[in-house]
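Please prepare a short briefing on the charged side chains of this protein, with attention to how they pair and where they stay unpaired.

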Amino acid sequence: MSSSGFNFTSFYATWFDQLHRLVDQLSSTAKDNHNSSSAADHLARLVQTVMSHYCDYYRVKSMAAERDPLSVFSAPWATSLERSLHWIAGWRPTTTFHLIYSESSILFESRIVDILRGLHTGDLGDLSPSQIRRVSELQCETVEEENAITEELSEWQDDVSELMGTRTEVTGRFEDLVNIIKKADALRLRTVQKVVELLTPKQAVEFFIAAAELQFGVRGWGLDQDRQRGNDRDH
């Protein structure tokens, strides 16, 4: 494995451990039902801390991609299961909206009696009409951008395949792959930022917890699957 791939893999392991600790903080805070302005400020600061943690991830990943785009594209830090779900070395940006709709539906159903009584829960199950409209608009915008980047990757693959067929030097084309990876990561980060901006601090905390739990779950299952395959090969 290249040095940049190894360095980013090491960084990811540390980053992932830190994410666990941040989510523990979010979870313990989310259990408090204080509605004071100081409690809201505390939630907002936590949300900013988590957002900064994701920014750090994409900043370091961008530097790793500049050094070795092929290693980053193959995502050696991920499990086989995670890689099978990847879109350009990471999760699909539109996954954000599926998560929002899923969590909102679950919480809405669990609070439906209170909501029918006119009580506002203030969580993801209590999105306002304007929030729902904005989420829908963002989803449409993100789908368009996602499709455009997918098309750009497809064109890059076609170009490189043609060059390899003529035995032409293709190293210079890797800069284009770096740009594609950066565009995909920028869209992932921008999508989360825009969603968080339209949510209240309490809703943003719930969103981050749900997103992290999904990430932890997929990675945990992927690690188990990889270990099982390794054991099967050893026997």
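A search of the whole structure, which is a predicted model, finds 14 salt bridges. The points below take up some of these pairs, and then turn to a patch of negative charge on the surface.

**Salt bridges of Arg 134**
- Arg 134 forms a salt bridge with Glu 137, in which the closest N and O atoms are 3.3 Å apart, and the two residues, 3 apart in helix H7, are separated by about one helical turn.
- Glu 141 also forms a salt bridge with Arg 134, here with 3.6 Å between the closest N and O atoms.
- Arg 134 is partly exposed, with a relative accessible area of 31%, while Glu 137 at 37% and Glu 141 at 32% are likewise partly exposed.

**A pair in helix H9**
- The side chains of Arg 229 and Asp 226 meet in a salt bridge with an N to O distance of 2.3 Å, and both residues lie in helix H9 (residues 201-234), 3 residues or about one turn of the helix apart.
- Arg 229 counts as partly exposed at 35% relative accessibility, and Asp 226 counts as partly exposed at 24%.

**A salt-bridge network**
- Lys 61, Asp 185 and Arg 188 are linked with one another in a network of salt bridges.

**The negative surface patch**
- Glu 151, Glu 155, Asp 158 and Glu 162 form a negative patch on the surface.
- Within this patch, Glu 155 has its place in helix H7, which spans residues 129-165, and its relative accessible area of 43% makes Glu 155 partly exposed.

How values were computed
Residues are numbered from 1 along each chain as its sequence is written. This is a predicted model: local features need pLDDT of at least 70, side-chain atom pairs count only at pLDDT 80 or more; totals for chains, interfaces and linings use all residues. Side-chain values use heavy atoms; hydrogens and water are left out. Patches are made of residues with over 30% relative accessible area and no salt bridge: like charges are joined within 9 Å, nonpolar side chains (Val, Leu, Ile, Met, Phe, Trp, Tyr) within 5 Å. Accessible areas come from the Shrake-Rupley method with a 1.4 Å probe; for residues, only the protein chains shown count as cover. A salt bridge is a side-chain nitrogen of Lys or Arg within 4 Å of a carboxyl oxygen of Asp or Glu. Lys and Arg count as positive and Asp and Glu as negative; His and the chain ends are not counted. The place of a charge is taken as NZ of Lys, CZ of Arg, CG of Asp or CD of Glu. Helices (H or I, at least four residues) and strands (E, at least two) are DSSP runs, numbered from the N terminus. Buried means under 20% relative accessible area, exposed over 50%, partly exposed in between (1.4 Å probe, protein chains only).
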